[in-house]
Amino acid sequence: MKIKQLRLENVGPFSSLAVELDAAVTVLIGNNGAGKTTILKSLATSLSWFVARFRSEKGSGSAIDEEQILNGANAASVAMAVVDGGEPYEWTLSKTRIGRKNGHPSQLNNATRLADVYRTSLSSNEQANVPLIAFYPVERVVLDIPLKIREKHTFQQLDGYDNSLSQGVDFRRFFEWFREREDSENESSIPEETLKAIESTLDADTWNTLVKGGLISPRDRQLTAVRAAIAHFMPGFSNLRVRRKPRLYMSIDKGAETLNVSQLSQGEKSLMALVGDIARRLAMMNPGLANPLEGEGIVLIDEVDMHLHPKWARSIVQRLTNTFPNCQFVLTTHSPLVISDSKDILVYALENGELVKVPPLYGQDVNTVLLEAMDTHVRNALVAQRLNDLLDAIHDRKLDDARRMARDLEAELPAQHVELAKARLLLRKEELRLAKN
Ligand SMILES: Nc1ncnc2c1ncn2[C@@H]1O[C@H](COP(=O)(O)OP(=O)(O)O)[C@@H](O)[C@H]1O
Ligand SMILES: [Mg+2]
């Protein structure tokens, strides 16, 4: 399942916006208040209808908040186009202000139709895989690491959708789930000696096929997936596990040291929680895959660089795509490092309610990215506008105005500014022509 396009009408700061999302990774950049979060939230709201109707036939997803309707407009709508199994599906969610009229009701038949495809497939095959859909808002930061786990849960496949669009990282659930899997891992895994004995009688290929097919499981496949994901993201960290004494807590090895996860830095915690949450959900949702991290899904992460050391920010996109190769990511960031170090990503800059596709910046140094994509966009637009006004004034023979505008621009722009030099020449030409007449 992949999102192809999102269209917003009168949502947040946007009166009308279409976002093509035809890439494995889309990154949105823009100043504060540009509308990045609005786009992610709209995607989450729209996707919630698929999730709700997957869980039950008449389920309801989230509504567009009344507050989100563009000030002055009567109604807002969010339309989404997705492709699944080569088939297109498109649905529209609308919201009308209380006491107002709107000619366009929601059209959610296709969300129902798509959900039906998955329900049919699960009904005929318990091992069928289902797509992960998750939104990690900025508020995911808070990592409430529980000291005590009160209850034991059993986790079902579709519990992979629990709070996945509303709450972001749920570390308590992660902890509970981890403990449950560990218990069953300890109970059910074949004793080490037995495994060794089996392995010694088989050639490597057969052994690997059996392990991949899940017929021999030295360790719990879901836990293995989560451990592997964390190892990919956090080199030097290993052996995440639940400790039962003196009380229940989760520990991880950092180099030679064993730490309680609550002792990790904020950056380490939030990365571990994010990656752990994605991996856990994929593991739950893809019982049919030898490597559940290869499951499909859509993952939305707001301010993906939040709390990250520059070294980690630099590699985050690459690690996401390497670790979760079949997930589609829509990310926002304020960090030039996130976009300068990633190949094959689609980058959009948001500005004044519009979207501009940013040319590839892979391999550029940070200053260039800052200058070209993140900072001067706005200034360029302003300068461009003023240069245009200058040319208009020359064209309209308002030479006093033109001279004043040129002087003002000269005071601000570098001496060798080409466009300004050209305008200066044109102005001179007009002055000479006027003098002749
Ligand atoms: N109902 C609305 N009508 C008009 N503008 C809105 C409305 N709701 C939010 N906004 C504008 O949208 C901005 C919020 O956008 P947001 O998506 O949070 O930006 P970003 O995540 O890029 O910082 C606010 O700064 C506000 O100006
Ligand atoms: Mg935001």
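**Notebook: strands, helices and a ligand shell**

I began with strand pairing and noted that R241 in β7 stands opposite S251 in β8. The model is a predicted one, and I read every entry below with that in mind. I then looked up the pairing to which these two residues belong: strand β7 (residues 237-243) and strand β8 (residues 249-254) are antiparallel and share 5 bridges. The connection between β7 and β8 is a hairpin of 5 residues.

**Entry: the chain as a whole**

I recorded 12 helices and 13 strands in the chain. The chain has 437 residues, of which 37% count as buried. I also looked up how far apart in sequence the contacting residues lie. Among contacts with a separation of 6 or more, 68% are between residues 24 or more positions apart.

**Entry: β12 and its two partners**

I next followed strand β12 (residues 346-351), which runs parallel to strand β3 (residues 25-30) and is joined to it by 5 bridges. In this pairing I found V27 opposite V347 of β12. I then turned to strand β13 (residues 354-358), which is antiparallel to β12 and also joined to it by 5 bridges. Here V347 stands opposite V358 in β13. V347 thus faces V27 in one pairing and V358 in the other.

I checked the link between β12 and β13 and found a hairpin with 2 residues between the strands. N352, in that turn, has a positive phi of about 50°.

**Entry: two further positive phi values**

I kept in mind that most residues other than glycine have a negative phi. I noted E303, which is not a glycine, with a positive phi near 50°. E303 belongs to the loop between β10 (297-301) and α8 (310-323). Is E303 buried or exposed? I counted 21 other C-beta atoms within 10 Å of E303, and 20 or more are needed, so E303 is buried.

I made the same enquiry for R397, also not a glycine, whose phi is positive at about 60°. R397 is in the loop between α10 (366-395) and α11 (399-412). R397 has 11 other C-beta atoms within 10 Å, and the limit for an exposed residue is 12 or fewer, so R397 is exposed.

**Entry: helix α11**

I went on to α11, which follows the loop that holds R397. Its 14 residues, at 1.5 Å a residue, should span 20 Å, and the end C-alpha atoms are 20 Å apart, which agrees. I listed the buried residues of α11 as A402, M405 and A406. These residues cover an arc of only 100° around the axis, so they are on the same side of α11. An α-helix has 3.6 residues a turn, so residues three or four places apart point the same way. On the other side of α11, I found D400, R407, D408 and A411 exposed.

**Entry: helix α2**

I applied the same check to helix α2 (residues 109-124). Its 16 residues should span 22 Å at 1.5 Å a residue, and the end C-alpha atoms are 23 Å apart, which agrees. Which residues of α2 are buried? I found A111, L114 and A115. Viewed down the axis of α2, the buried residues fall within an arc of 95°, so they line one face of the helix. I looked up what they pack against and found α1, β4 and β5 (87-96). N109, T120, S123 and S124 are exposed on the other side of α2.

**Entry: S77 in β4**

As β4 is one of the elements against which the buried residues of α2 pack, I examined S77, which is found in this strand (residues 75-84). S77 has 22 other C-beta atoms within 10 Å, and 20 or more make a residue buried, so S77 is buried. Beyond its neighbours within four places in sequence, I found S77 in contact with E9, T92, L93, S94 and H104. I also noted V11, which is 66 residues from S77 in sequence but 6.9 Å from it in space, C-alpha to C-alpha.

**Entry: the shell of ligand 1**

I closed with ligand 1, which is surrounded by 15 residues. The closest are P13, G33, K36, T37 and T38. Helix α1 (residues 36-55) supplies the largest share of the shell, 3 residues. By class, I counted 4 nonpolar, 9 polar and 2 charged residues around ligand 1.

Technical notes
Residues are numbered from 1 along each chain as its sequence is written. Chains are lettered from A and ligands numbered from 1 in the order in which they are written. This is a predicted model: local features need pLDDT of at least 70, side-chain atom pairs count only at pLDDT 80 or more; totals for chains, interfaces and linings use all residues. A residue is near a molecule or strand if its C-beta atom, placed from the backbone, lies within 6 Å of it. Helices (H or I, at least four residues) and strands (E, at least two) are DSSP runs, numbered from the N terminus. Ala, Val, Leu, Ile, Met, Phe, Trp, Tyr, Cys and Pro count as nonpolar, Asp, Glu, Lys and Arg as charged, and the others, Gly among them, as polar. Two residues are in contact if their C-beta atoms, placed from the backbone, lie within 7 Å. The expected span of a helix is 1.5 Å times one less than its number of residues. The arc is that of the directions from the helix axis to the C-beta atoms. Two strands pair if DSSP finds at least two bridges between them.
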